[in-house]
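Me: Can you walk me through a few bits of this model? I'd like to go piece by piece.

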Amino acid sequence: MTTRTMAARSFDAFARMSVGRAFGSTVGKIAGGFIVLLVLTAIFAPWIAPFDYAAQNLANGNTPPAWPHLLGTDEFGRDVLSRVIYGARTSLSVSGTAIAISMTVGMTLGAAAGNFGGFFERAVMTVVDLTWSFPDILIALIFVAIIGPGLTSTTFAIAIAYLAQFTRLTRAQIVRLKRETFIEATINLGAKPAHILLRHLMPNAIAPVIVVGMLAIGDGIVLEATLGFFGLGAQPPTPSWGAMMSSGTAQLFLSPWVIIFPGIVVAVTVIAVNLFGDELIRALDIRDRLRGA
Amino acid sequence: MLARYTFQRILMTIPVSIAISIVIFMIVRLLPGDPIDNLIRVGSSPAARAELVAKYGLDRSLIAQYFTWVSQMFRGDFGDAIVLRRPVADLIAQNLPYSLTLGGLAFLFSSVFGMILGTVSAMTRNPFVERFVRGFILLGSTVPGFWLALLLILLFSVQLGWFPVSGARGWDSLVLPVMTIGFGGIALVARVTRVALMDAGREDFVTLLHAKGLSRGTILRRHLLPHAMLPVVTILALRIGWILGGAVTVEFVFGRPGLGSLLIRALGQRDYPVVQGCLLMLALAVMLGTLIGDVAQAAMDPRIREAKS
Amino acid sequence: MRYSTKNRLLSGSAIVTAAFLATGAIAQEAIIAFSSGELGATSYDPIRSSNLNTATSMIYDRLVEQDADQSFHPHLATSWEESADGMEWVFKLKEGVAFHDGTPFNAQTVADWIPDFIDTENAYLTAAIASVEVVDDLTVKFVMARPEPNLLYNLGSAFMGIPSQVAYDELGENYGVTGAVGTGPFKFESFDIGLETVLVRNDDYAWASDLSANQGAAHLERVTFREIPDQSTAFLELKTGGVDILLGVPTDFLEILAAEPDVSVIQMPGTGIIYMPINVTSAPFDDPLVRQATGLAIDQDAILNSVYNGVGAAAHNFLISSLPEATVADGLNVSHDPTRAGELLDQAGWMMGEGGARMKDGKPLEVKLFTENSTEFNRLTQVVQAQLAEVGMVADITVFDSSTIRDEYKADRHQLAVRGYDWNNSDILDWFFSGERLGYPNVSMWNDPEGERLNKIAMTESATSAQRIANFTAYHEYILSQYLFVPIYQPTTNIAYNATRVSVPDPVRGTRFRSQTLIDITMVE
């Protein structure tokens, strides 16, 4: 109970304070605005998309961008714009869920490792350091090979690929905070370890983790697209930005727009996420805390 | 001091290696499917199947299989590929040069351009240059590799016809893959160089050098760049796994052989010994990279030696 | 003739070779890309492997060759005779033939080779042969256990390319991977599974069949067969000069290729079918009505026109239409009839619900649709999915790589799948529907006494060709009557080549692109 309210409260403060400040700059406004717009697009996709994303019209396949298909049609005659709009749903929800899982598990592991220390810490950190050194795509590919293709396994694969990052970061925060005077004072006052962890350490450690989580959503979108490109993510006809590009080089000839537009959307989204993340870091003034991890 | 730290650091890799080998061994056992299915004749008797299973030692306990695997490895024997039917060591030896060439060139490409870009960005006071470099760094670290690869193919192979579309024949087939991997690397190196140079520029001795009347160019070349090299080497050493294994997407798009694509193919064929061998090679490379990175860091900063030893 | 002289000169003196190169002679080396259907072969062992690619036929020669008109031509066998009761075959063998390892090819080779098939996946090819007798050095007699009207076809198949017994015994399990030795026009040099196979010319080759114009060694010195998983990459390679010959061009590229001045295309009749097996053990497909309705939902003509640009033909049963067994009784061929499909599903209790999915007992008609990870199948499967949706069946696609999908079949986790085969003989029915191979290749999981009875008659109890046709037609008709699969499309084989680099004889002789064509290919100077 305590954990949730504490985390919620500190997140609340965090949100009010820093997100507002991050929106303050021009870059922050533009990037943040784009992200808000994208999330709204994903939520209201059925009302925004001009066509049914799955409706095939084989006779009308591979038409270049023109009215009424503003971004053209793919090989099945499906509207690319509608698929890009629905693709936002897949990309954002897969990446968002994956990072949320990764963050929760990583924070728990990292906090436990940083708090208990000893053999447990060393064991956790050995594995974490090792996976951290492996490319995320390789970890995700191996994981999908183990449990099979599909959206659920992609989500878990991405979560596992970024687990190390959050564990490392949380542990580093906890270790750093434990050395600070106010914690030492609390310990000297005889507070219980659990109390210290939940009331003092976690609330202070959470802001950098959330910012990194925000940035990781960008990486998650790229990873989801890459898995989709390998044909392992969303299964057809569910549109996903990566899967839309997976028909590979064939499309470069027949309908380059099918590859170019989703790619641009991925790039712009990730850039917006990164810029906004940078603004958050600046607003919170936690750059130094991030660099150590 | 440094020698002692290095020695201790090498000792530390022993428990890590054991942990790695167990993890890799188990990952492979978790894979669904069975390499025997790919080998055995359809509709053959259970006895024939049992015989094959026994031949590859898959009927023994996991612990026994693990120890056989490890002891063979110490003799340089990675086992024989079940589907590909040749020593795993040969397969790795065949694919590793492709990975090393691609990784090495990408490494070189991104170091050179990254450091130039980072230096320009740290030194120049021109806001346009500054903005361009920041934009490039941002773009390089966000664009999906496979998409960049497709665009490069579209431009350089299809439109201009300068480089081959795929394969690994001749130097010209390396250009586009190196550019694709290197692009992301440039951003990383540029960012690290920029930060390192700006940090170094604030140090007292630089102020002193300025006061002594040395030109900015000389200070940069003689004092700042060597200073900034170390973090760059460190970050690249730490990322050696990314250079070797992360090329898998690029290998896939360009149809190149390499450690990453060998691993992915072996995963598909459920060829346990090959998957194990590849993962082990990658893990070893990663450990070696981390070791080099840590030692380089320690050489640069005595505080690390003290804190860790 | 001019070429064989030149070859002798070349092999005779390295200095001459160097001189040729110096004077600007182009490298006699061609790069060929496999068609997507033959990717993933793991061995060049014709006896034990069940999946062989085109390069196999370059390494080995066969006793006989089949031409496009289905006639049989002498190759390593110069003539043959079948006894009146079909219980004896006598083959005269060609003189002076030697394997790449130097061992001679003679009657004893054949006698040692045939028993190798016992207990392999390809045992059915020689199952009718009771024993092989050496009459003299170049005459061999097959004593049959039963008449086998299909014997010549079997002898002409890629699986009956003849390997060197010495190499076969020496390499054991590794035969076909680390080495492969035949009498063919090209020698095995290296094989990187999944990547490429390099073959070099057999300079001593002088025993080509009459399907080739060139009766000596091949014109090309080296041939590299590349496996390019993505057909569109292969196509780009051809266009940009990375590949000289592309076996199996996807039909949707034909139009673009026509606009390429350097690329020529040869079209050959196809030798396979693309179809959708139905797992009859998995509900709702345990109900024949649902299976029949599924077949009626697929619009073969629409697929032919939209996915394949009208090239090739619609498939309405399991066999390619040039086979006599493909002519079946009226009403058994499968054609598009969505109205009837709807009626059948109603009858089966699957009523149209809201949102376009049929419902029964509160459950929607939702099935799994598997396919392999290739551009063509991916595209086709999405069209099939849309067509199934039109009759109220929701199909969820999962895309697998080719070896994982076999695991799925064997584990009986599949319901519908889009796949293809490449085989121009009616015994393919046995391969895909025999109760002995449930899971894979019998993806339909079909096993019933009547089917097994008809299978046995067709496979083993035909004394003459006419009887064999009748028996296989009966087996084929029974399979169709049980709705075990949905036929979709009969592809043509399209071979494209870079005309500025190589010259390929058109039309290609034989039933497919094989050694008889490759030795006729010349480089364009």
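Me: How much of strand β13 (residues 272-277) of chain C is buried?
Reply: Five of the six residues in β13(C) are buried, that is, with 20 or more other C-beta atoms, placed from the backbone, within 10 Å of their own. Strands here are DSSP E runs of at least two residues, numbered from the N terminus. Bear in mind that this is a predicted model, where local features need pLDDT of at least 70, side-chain atom pairs count only at pLDDT 80 or more, and totals for chains, interfaces and linings use all residues. Residues are numbered from 1 along each chain as its sequence is written, with chains lettered from A and ligands numbered from 1 in the order in which they are written.

Me: Which strands does β13(C) pair with?
Reply: β13(C) pairs antiparallel with β20 (residues 416-422) of chain C over four bridges, and also antiparallel with β21 (residues 485-490) of chain C over four bridges. Pairing takes at least two DSSP bridges.

Me: Which residues sit opposite C:I273 and C:M276?
Reply: C:I273 has C:Y421 of β20(C) as its bridge partner, while C:M276 faces C:V486 in β21(C).

Me: New topic: what's the order in the sheet with β15, β16 and β17 of chain C?
Reply: The order is β15-β16-β17 in an open, antiparallel sheet. β15 (351-352) and β17 (363-364) of chain C are at the edges with a single partner strand each, so one side of each has no neighbour in the sheet.

Me: And what's opposite C:M359?
Reply: That's C:P364 in β17(C). β16 (residues 358-360) of chain C and β17(C) pair over two bridges.

Definitions and conventions: A residue is buried if 20 or more other C-beta atoms lie within 10 Å of its own, exposed if 12 or fewer, and partly exposed in between; C-beta atoms are placed from the backbone.
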